[in-house]
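User: I want to go through this model, beginning with whatever surrounds the ligand. Can you put it up?

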Amino acid sequence: MRRTQLFTKTLKDAPADEVAKNAQLLIRAGFVYKVMAGVYAYTPLGIRVVEKIKQVVREEMNAINSGELIMTALQRPDTWQETGRWDDEAVDVWFKTELKDGSPLGLAWSHEEAIIEMLKQHVHSYKDLPQSVYQFQTKFRNELRSKSGIMRGREFVMKDMYSVHATEEDCDQYYEKAIEAYNKIFQRLGIGDKTFVTFASGGAFTKFSHEFQTICEAGEDTLYVNEDQTVAVNEEVLDEAAKELGIDKSELTPTVSAEVGNIFKFGTEKSEKMDFTYTDKDGKNKPLYLASYGVGVTRVMGVIAEMMSDEHGLVWPANIAPYHVYLVGIGDAGNEKAEELYSELRDSGIEVLFDDRDERPGSKFADAELMGIPYRVVVSDKTLADDSVELTSRENGENEMIALKELCKNLQQKIQA
Ligand code: ATP
Ligand code: MG
């Protein structure tokens, strides 16, 4: 991509009403556009990061045999009336609207009931089981407060997966696989070491659910972790979980954290309410065991922006950065060579943002840093005198001269590392 084709400009200041660091940086660097509190649009730069995060999640969901689908944002009330959640005051985040004829509709804040209703039309027999499906979908939630930037949106992207099983045992096994898949996801996204599987409040069926909490100053939750970091408990269930685990509360240290994922088992509670049954080998009708698994895709992006940034801007890990390389030419010869490198690098699979604007090198460098592009490549008379370019790492600021003919290979190795 050429900078001249990118309509976004970097900004010196974020909007005055934006208090969250993640949104301040993402707005200034041109990744998101703030429409109103809790409502953000994703620009060409921002959407590339969202898509890369989604791809990591997608690969791990596919690896546990889940099938991708997409539900709708508009939902029928009767879908939610079956479980009593359309009129449930505990669900205080609904955005509701109506059709021209006055009949009510809901904007999806969750897809639990909606997915189950769809699965119900197809899954009837033990032969159809188990099943697992997932989607990336926009959720709409009328959150009371939205001061955490993209970490708490009123419109945000969630990955939600649902699994359906004949037996509790099968459900439990899949649930454990999902925990492993989630651990892989957060590891691959570079926040694995700070992310903990956490005991959280359960539903009617199980005592606990599990949250994935990432230690992050900008989070809204409090996580209690023991010294060797093998036990993590959410504040809501602190007393109960400590008792259950036989540990003293005082051994757990409170830390500020952000909930990046939440998984829970419904048991047969929801299938019973929604009359979702299957016919077993013995010809008997039995209720299904269900579980659901969420990841806050855009919240994760916000958490990464918070954690991987410095006074100059964002610092994306190479696998989710919008581009691998920020390319700058200085002087006539440098610019001419930069044009050549732009095609060469792209031909070898490297994603390049080429700053072809008529701007001072200093302001181009500042943009490269603000945007958090992992590698900056500068080509000028000086570097060309040595048949080389200057390569700078965003993460540690280290500079090196790389021979022109080595550049593609060198970058490929760095990006894969
Ligand atoms: P929270 O307690 O933070 O309000 P939740 O428990 O209501 O979240 P879930 O319904 O479990 O959230 O949704 C699954 C995941 O979606 C959460 O773990 C979180 O990462 C993400 N998420 C929830 N609400 C938001 C939001 N308003 N903006 C962005 N991501 C969100
Ligand atoms: Mg939750």
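**Ligand sites and salt bridges**

Analyst: Strands β8 (155–165) and β13 (253–267) each contribute at least two residues to the shell around ligand 1. Strands (E, at least two residues) and helices (H or I, at least four) are DSSP runs, numbered from the N terminus. The model is predicted: local features need pLDDT of at least 70, side-chain atom pairs count only at pLDDT 80 or more, and totals for chains, interfaces and linings use all residues. Residues are numbered from 1 along each chain as its sequence is written, chains are lettered from A and ligands numbered from 1 in the order in which they are written, and side-chain values use heavy atoms, with hydrogens and water left out.

User: Which strand gives the most to the shell around ligand 1?

Analyst: β13, with four residues.

User: And which residues come nearest to ligand 1?

Analyst: Arg141, Glu143, Arg152, Gly153 and Glu259, out of 13 around the ligand. A residue is near if one of its heavy atoms lies within 4 Å.

User: What is the shell around ligand 1 by class?

Analyst: Five charged, four polar and four nonpolar residues. Ala, Val, Leu, Ile, Met, Phe, Trp, Tyr, Cys and Pro count as nonpolar, Asp, Glu, Lys and Arg as charged, and the others, Gly among them, as polar.

User: Any polar contacts worth listing?

Analyst: A polar contact is a pair of N or O atoms within 3.5 Å; within protein, one must be able to donate a hydrogen and the other to accept it, and residues adjacent in sequence count only if both atoms are side-chain atoms. Arginine 141 has a polar side-chain atom 2.9 Å from an oxygen atom of ligand 1. For glutamate 143, a polar side-chain atom is 2.8 Å from a nitrogen atom of the ligand. The side chain of asparagine 262 has an N or O atom 3.1 Å from an oxygen atom of ligand 1. The protein covers 82% of the 580 Å² of accessible area that ligand 1 has on its own, by the Shrake-Rupley method with a 1.4 Å probe.

User: What are the protein donors of the magnesium ion?

Analyst: Glu259 (OE) and Asn262 (OD1), 2.3 to 2.4 Å from the ion, which is ligand 2. Donors are N, O and S atoms within 2.8 Å of the metal (3.2 Å for Na, K and Ca); water is not among the atoms, so sites may look incomplete.

User: Is glutamate 259 buried or exposed?

Analyst: In between: glutamate 259 is partly exposed, at 22% relative accessible area. Buried means under 20%, exposed over 50%, and partly exposed in between (1.4 Å probe, protein chains only).

User: Switching topic. How many salt bridges does the count come to?

Analyst: 34, each a side-chain nitrogen of Lys or Arg within 4 Å of a carboxyl oxygen of Asp or Glu. One of them joins aspartate 172 to lysine 265, closest N and O atoms 3.0 Å apart. This pair links distant parts of the chain, with aspartate 172 in helix α5 (residues 168–188) and lysine 265 in strand β13, 93 residues apart.

User: How accessible is lysine 265?

Analyst: Lysine 265 is buried at 18%, while aspartate 172 is partly exposed at 28%.

User: What about lysine 337 and glutamate 340?

Analyst: Their side chains form a salt bridge, 2.9 Å from N to O. Lysine 337 and glutamate 340 are about one helical turn apart, because they sit three residues from each other in helix α9 (residues 331–347).

User: Which residues are linked in a network of salt bridges?

Analyst: Arg3, Asp355, Arg357 and Asp367.
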